[in-house]
Amino acid sequence: MSIITLTTDYGLKDHFVASVKGRILSAMPQAQIVDVSHCIDFYNIANASYVVSGAYPNFPKGSIHMVLVEAEMNDQTSFLLTKFNGHYFLTADNGTITLLATPEDETEIVKLHLPDFCTDTVSLYTHVSTQILKNSPFDDLGTPISYDECELLIELRPKVAEDENSIKGAIIYMDHYGNAVTNITQDLFNRVGKGRKFAIIARKYSITKIHRFYADFNVENQSIREFEGEMLYLFNDLDFLQLSIYKSDYENVGNAKSMFGVSYRDSVIVEFYD
């Protein structure tokens, strides 16, 4: 059985998602289609990459992951098939894959040929998926390229200062609970910080502690409910630094966006000192 996942910004109100599934199943009746998300912010490549990166490792190797965000054939000039970590990814050459994989990952990438009968992205992705299931060589599907030849989204990567005393990151995702996820990983934080003291600065707020988990408060003489609305940082389940509000509730307590005043692409700076 072939597993195909879908990540789109199509929403759930209209017929678009069902149409995509119908076209895939018409070509591959044996396919098992799994929805990753159809609520990606419109045209938001960083959102799509973050969500896919959190989902795909839990699928069996050999799964095919279709990313239909900022991937209209009339808007994009080239499309990629990438294989890494035993999975296949179909994306436009718009920077998506460079946020999913790193230069250190062992990747196999081809810039796809665009057959005349593939009149849109869904028909292209479906055609390539059928060829993958037939074990067609990568070279038959497109032109091999290196990671560095892909479109890069440099502005959405964290930057380490030359003196390694700071990291400049950015908000790349706002989740269902209103948490603001940055592009700073725990590995990068630890490698640069080397155990030093730090301050994390977003907007006008500076915080010098990272919580181990949401309820990581000293409650010896207090009720945990007294901390509702408390601002905190932690590394989330994908090991990204995250700005959160304990027990966030948009209507009653607030969330990271309303209380921190942060939104997509806003800067988050970590400063280290001895």
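This is a short talk on one sheet and one pocket in the structure above.

Before anything else, this is a predicted model.

I'll start with the sheet. Seven strands make it up, and the sheet is open. Reading across, the order is β2-β1-β3-β5-β4-β6-β7, and the pairing is mixed. At the edges sit β2 and β7, the latter being residues 142-145, and each of these pairs on one side only. If you ignore direction, neighbouring strands are turned by 25° against each other on average.

Now two of the pairings, one of each sense. Take β1 and β2 for the parallel case. Strand β1 covers residues 3-8, strand β2 covers residues 32-37, and five bridges join them in the parallel sense. If you want a residue to click on, Thr-7 has Ser-37 in β2 as its bridge partner. Between the two strands the chain passes through helix α1, residues 16-27, and this β-α-β crossover is right-handed.

For the antiparallel case, look at β4, residues 79-84, and β6, residues 108-112, which pair over four bridges. Here Leu-80 has Lys-111 in β6 as its bridge partner.

Next, a helix on the sheet. Which strands does helix α2 lie across? Helix α2, residues 45-55, lies across β1, β2, β3 and β5. Of these, β3 is residues 64-68 and β5 is residues 87-92. The helix runs at about 125° to β2.

Helix α2 also brings us to the pocket. The largest pocket has a volume of about 770 Å³. It is lined by 28 residues, and the closest to its centre are Leu-99, Ala-101, Thr-102, Thr-185 and Phe-240. The elements giving two or more residues to that lining are α2, α3 at 96-100, β10 at 180-185 and α6 at 186-193. Which of them gives the largest share? That is α2, with four residues.

What is the lining like by class? There are 16 nonpolar residues, seven polar and five charged.

To recap on α2: this helix lies across four of the strands I listed, β1, β2, β3 and β5, and α2 also supplies the largest share of the lining of the largest pocket. That's what I have.

Notes: Residues are numbered from 1 along each chain as its sequence is written. This is a predicted model: local features need pLDDT of at least 70, side-chain atom pairs count only at pLDDT 80 or more; totals for chains, interfaces and linings use all residues. Side-chain values use heavy atoms; hydrogens and water are left out. Two strands pair if DSSP finds at least two bridges between them. A crossover is right-handed if, with the strands pointing away from the viewer, the path from the first strand over the helix to the second runs clockwise. Axes are lines fitted to C-alpha atoms, for helices over the stretch in contact, and angles run from 0 to 180 degrees between N-to-C directions. Contact means heavy atoms within 4.5 Å. On a 1 Å grid over the protein atoms alone, a cavity is a set of points where a 1.4 Å probe fits but cannot get out, and a pocket is an open set with protein on both sides within 12 Å along at least five of seven lines; lining residues have an atom within 4 Å of a point. Grid points are joined across faces, edges and corners, and a volume is the space filled by probe spheres set on the points. Ala, Val, Leu, Ile, Met, Phe, Trp, Tyr, Cys and Pro count as nonpolar, Asp, Glu, Lys and Arg as charged, and the others, Gly among them, as polar.
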